[in-house]
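Subject: Structure for you to look at

Hello,

Here is the structure I said I would pass on. Please open it beside this message; my notes follow below it.

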Amino acid sequence: MAPGSHPYRDVAVAGVFNTAQARRLPDHTSVSVTVEAIHGALADAGLGLDDVDGVSAADLSAKLIYDLRLGPAWRGTQYGLGMIAEAASAIASGMCDVAVVASGEAGVYTDHAATAPWTRPENEFVIPWGLFTAAEFALIARRHMIRYGTTEEQLATVAATIRNNGHVNPEAVYHGRGPFTPADILASRPIAEPFHLLDCAMTSEGGCALVLTSADRARDLPSAPVYLLGMAADCHGPAYQHPPAYDLAGRRDDEHVVGSVGRRAADRAFRTAGLGRSDVDVLELYDPFSFEVIRQLEAFGFCEPGEGGPFVADGHIAPDGKHPITTDGGLMSYSHAGSNPQMLQRAIRAVQQVRGTCVSTQIPGARVALASAGGSGALFNQVALFGTERP
């Protein structure tokens with residue numbers, strides 16, 4: 001990429017914030033917890049509502065623009081990590097100057113006799129056959145185990161690592177619940193073979209937000225600017241509508257199958273950033289289920305296909321390993337507040353890591369962090385790279 005041609009060169013993340021995360025936030029609604037997150041991220045950036053002229057908050061964007069009297073303002077339409085790239089592009093192209101990217105959920109999951117509502121969409125394979133989210137991801141995991149010999153013990157190593165990161169994080173919903181060993185994971189009750197309860201994400205409530213502005217403006221703000229070095233996304237179809245098949249190929253070739261979703265996205269994100277895998281200091285991987293981390297390590301190019309199980313068993317993903325993962329405890333232990341917050345929180349933790357401001361499991365000298373969202377069971381993956389050096 002030619003010098004000065006980077007698509008996000010003139011944009012920086014100036015502020016981030018997570019509200020309190022909890023199993024229940026009885027005094028909040030999804031709107032109120034999102035608004036709290038916006039105020040927190042603006043305070044972190046040293047800015048106020050009067051500075052904001054862009055909002056990306058999924059289905060709440062227009063409502064927040066109206067309720068907070070921010071209009072006229074740019075309105076984002078993306079989801080997950082794509083919200084950040086979309087906002088960065090809007091600033092780079094002059095559509096807005098300061099954008100807040102926010103999401104929150106509270107009071108949505110109330111029927112606790114059933115699984116969370118986002119795990120049981122009203123699609124034809126879900127209602128009559130019970131193909132809820134855990135079963136979809138389990139099908140992908142089982143195929144990988146048959147093909148490559150991946151073991152439940154290796155999956156349990158992933159879950160124990162992430163849950164121990166949450167155990168030491170005072171802001172995590174499951175703070176103090178550990179420490180865990182792989183044997184503890186395997187001893188928890190079965191959910192969908194090969195997953196045990198502690199292989200799976202929990203549910204919670206909370207909000208989060210990021211503030212983006214021009215790189216020039218960010219230099220004069222109180223928090224150290226962090227740059228979006230690269231971002232890309234892959235999609236194989238609508239989430240939770242079709243039964244996932246590891247070997248389902250796209251239009252290109254057999255290398256781009258559902259089981260490797262995210263490979264193309266990772267390659268493009270690294271190409272935009274002008275970096276290699278060895279340049280990444282920490283991996284804030286999306287962790288809906290333990291196997292998904294193994295799959296992403298392979299798809300993103302940190303190990304070869306089929307080597308993910310031995311890779312995690314060898315200690316590479318531990319906080320003192322070569323590629324530490326999901327350092328706040330992720331969806332398994334930190335928070336899993338609905339659809340969008342959980343994805344944005346991977347990016348927030350990546351920003352905190354390269355800033356050096358994590359309250360726990362700070363990776364010494366971290367300069368480049370990868371964040372991901374989505375997964376094979378959902379037929380999509382997003383990959384973003386954040387760093388301290390302006391591209």
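Leu379 sits in the loop that links β10 and β11. This is a predicted model, and every value here was computed from it. Phi of Leu379 is near 65 degrees, a positive value in a residue that is not glycine. Is Leu379 buried or exposed? Its relative accessibility is 5%, and buried means under 20%, so Leu379 counts as buried. The two strands on either side of this loop make a hairpin, with 4 residues between them.

The strands of the hairpin

β10 and β11 (residues 380–387) are antiparallel and are paired over 8 bridges. One pair to look for is Ala371 with its bridge partner in β11, Ala384. β10 also pairs with β9 (residues 282–284), but here the strands run parallel and 3 bridges join them. For Leu283, the bridge partner in β10 is Leu370. As background, strands of a sheet pair through backbone hydrogen bonds, either parallel or antiparallel. How many residues of β10 are buried? The count is 8 of its 8 residues, so going by the cut-off of under 20% relative accessible area, the strand is mostly covered.

The sheet and its helices

These strands belong to an open sheet of 4 strands with mixed pairing, in the order β8-β11-β10-β9. Which strands are at the edges? They are β8 (227–235) and β9, each of which pairs on one side only. On average, neighbouring strands of this sheet are turned by 15 degrees against each other, with direction ignored. Helix α3 (residues 82–92) packs on the sheet and touches β8 and β11. The direction of α3 makes about 125 degrees with that of β8. Another helix, α8 (residues 263–273), lies across β8, β10 and β11. The angle between α8 and β8 is about 160 degrees.

The largest pocket

β10 turns up again in the lining of the largest pocket, where α4 (133–148), α12 (340–355) and β10 (368–375) each supply at least two residues. Which element gives the most to this lining? It is α4, with 3 residues. The pocket has a volume of about 920 Å³, and 38 residues line it. Nearest its centre lie Ala116, Thr119, Ala201, Thr203 and His336. By class, the lining has 24 nonpolar residues, 10 polar ones and 4 charged ones.

Backbone details in other loops

Thr361 is in the loop between α12 and β10. Thr361 is not a glycine, yet its phi is positive, at about 50 degrees. With a relative accessibility of 16%, Thr361 counts as buried, because the cut-off is under 20%.

Where are the cis peptide bonds to look at? One runs from Gly71 to Pro72, with omega near -5 degrees. Pro72 is in the loop between α2 (61–67) and β3 (74–75). Another joins Gly178 and Pro179, and its omega is about 0 degrees. Pro179 is in the loop between α5 (152–167) and α6 (182–187).

A suggested order for viewing: start at Leu379 in its loop, follow β10 across to β9, and then turn to the lining of the largest pocket, to which β10 supplies at least two residues.

Regards

How values were computed. Residues numbered from 1 in each chain as written. Predicted model: local features only at pLDDT ≥ 70, side-chain atom pairs only at ≥ 80, totals over all residues. Heavy atoms only, no water. 1 Å grid on protein atoms, 1.4 Å probe; cavity = no way out; pocket = protein on both sides within 12 Å on 5 of 7 lines; lining within 4 Å. Points joined across faces, edges and corners; volume = space filled by probe spheres on them. Nonpolar A, V, L, I, M, F, W, Y, C, P; charged D, E, K, R; others polar. Buried < 20%, exposed > 50% of the residue type's maximum accessible area, 1.4 Å probe, protein only. Pairing = 2+ DSSP bridges. Axes fitted to C-alpha atoms, helices over the stretch in contact; angles between N-to-C directions. Contact = heavy atoms within 4.5 Å.
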